[in-house]
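The following exercises treat the packing of helices and the surroundings of single residues. Each task is followed by a solution in steps.

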Amino acid sequence: MAVSLREDRTGGPVDHFLALLQDRLPLWLRILHDLSHLVGKGRVNDNLLPIARAGIDYYAEIQSAALPAFTSPSVTVRFREAIRDNGLGPLAEIAPLAAYLAAEQRIGRVTAEADPDASARLLLAGCFRHAYNEMFFGAYSGPTRDVSAEEIVRELRLESG
């Protein structure tokens with residue numbers, strides 16, 4: 001995502017955020033897309049657990065860099081345009097996770113009552129929320145990342161049978 005969000009200087013929080021995003025986003029999306037290789041293998045919750053943990057780690061890192069970068073409305077607007085122009089954004093995360101859940105649902109490993117898109121959004125929202133709380137209240141103000149990942153996956157109640 002080669003885009004200039006700088007207003008008039010190089011370096012600083014915007015460049016740090018962009019460098020971090022450029023480094024971490026492809027790995028995060030690859031982790032989500034790799035779920036397709038796990039359809040029908042292992043337990044669904046066990047497959048989702050490392051996804052939830054990776055999501056918490058990803059959001060914790062990205063959020064801490066994003067806050068100081070978005071102090072200017074013009075930077076925010078340019079960032080939104082760059083995300084849109086590159087086909088990224090929330091759907092880029094939701095789609096592969098929802099596709100995995102739908103595939104597991106088709107073979108009976110995810111309950112028929114589950115909505116794959118909603119479940120994907122909820123899993124990612126839980127990861128984001130944990131990272132947000134950790135950033136503002138401290139790492140020791142709630143459950144550990146591992147415990148939180150387990151809770152997020154378990155509370156989705158996806159597995160059938």
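**Exercise 1.** Determine the handedness of the crossing of H2 and H6, and describe how these helices pack.

*Solution.*
Step 1. The crossing of H2 and H6 is right-handed. A crossing is right-handed if the near helix is turned clockwise from the far one by less than a right angle, and left-handed if it is turned anticlockwise. Helices (H or I, at least four residues) and strands (E, at least two) are DSSP runs, numbered from the N terminus.

Step 2. The model is a predicted one, in which local features need pLDDT of at least 70 and side-chain atom pairs count only at pLDDT 80 or more, while totals for chains, interfaces and linings use all residues. Residues are numbered from 1 along each chain as its sequence is written, and side-chain values use heavy atoms, with hydrogens and water left out.

Step 3. Two packed helices are described by the angle between their axes and the distance between the axes. For H2 and H6 (residues 145–156), the angle is about 125 degrees and the axes are 8 Å apart. H2 is therefore oblique to H6. Axes are lines fitted to C-alpha atoms, for helices over the stretch in contact, and angles run from 0 to 180 degrees between N-to-C directions. Angles under 35 degrees count as roughly parallel, over 145 as roughly antiparallel, 65 to 115 as roughly perpendicular and the rest as oblique.

Step 4. Among the residues of H2 that meet H6 are Leu 48, Ala 52, Arg 53 and Asp 57; on the side of H6, they include Arg 145, Asp 146, Ile 152 and Val 153. Contact means heavy atoms within 4.5 Å. By class, the contact of H2 with H6 has 8 nonpolar, 2 polar and 6 charged residues. Here Ala, Val, Leu, Ile, Met, Phe, Trp, Tyr, Cys and Pro count as nonpolar, Asp, Glu, Lys and Arg as charged, and the others, Gly among them, as polar.

Step 5. Consider Asp 146, which is placed in helix H6. Asp 146 counts as partly exposed because its relative accessibility is 42%; buried means under 20% relative accessible area, exposed over 50%, and partly exposed in between (1.4 Å probe, protein chains only).

**Exercise 2.** Describe the packing of H2 and H5, and state which residues Gln 63 contacts beyond its neighbours within four places in sequence.

*Solution.*
Step 1. Helix H2 (residues 44–69) and helix H5 (residues 116–137) pack at about 45 degrees, and their axes lie 8 Å apart. The two helices are therefore oblique to each other. H2 passes H5 in a right-handed crossing.

Step 2. The residues making this contact include Gly 55, Tyr 59 and Gln 63 of H2, and Cys 127, Phe 128 and Met 135 of H5. They divide into 15 nonpolar, 4 polar and 1 charged.

Step 3. Gln 63 is found in helix H2 and counts as buried because its relative accessibility is 9%. Leaving aside its neighbours within four places in sequence, Gln 63 is in contact with Phe 128, Ala 131, Tyr 132 and Met 135. Gln 63 and Met 135 are 72 residues apart in sequence, yet their C-alpha atoms are 8.1 Å apart.

**Exercise 3.** Which helix supplies the largest share of the largest nonpolar core?

*Solution.*
Step 1. In soluble globular proteins, nonpolar side chains tend to be buried together. A nonpolar core is a set of buried Ala, Val, Leu, Ile, Met, Phe, Trp, Tyr and Cys residues joined through side-chain atoms within 4.5 Å.

Step 2. The largest such core has 44 residues, of which Phe 17, Trp 28, Leu 48, Leu 97 and Leu 123 touch the most other members. H1 (12–33), H2, H3 (73–85), H4 (90–106), H5 and H6 each supply at least two residues. H2 gives the largest share, 13 residues.

Step 3. Apart from its neighbours within four places in sequence, Leu 123 has contacts that include Leu 48, Leu 97 and Ile 152.

**Exercise 4.** Locate Arg 43 and Arg 157, and state whether each is buried, partly exposed or exposed.

*Solution.*
Step 1. Arg 43 lies in the loop between H1 and H2. Arg 43 counts as partly exposed because its relative accessibility is 43%. Beyond its neighbours within four places in sequence, Arg 43 is in contact with Arg 109 and Glu 159.

Step 2. Arg 157 is in the segment after H6 and is exposed, with a relative accessible area of 66%. Most residues other than glycine have a negative phi. Phi of Arg 157, however, is positive, near 50 degrees.
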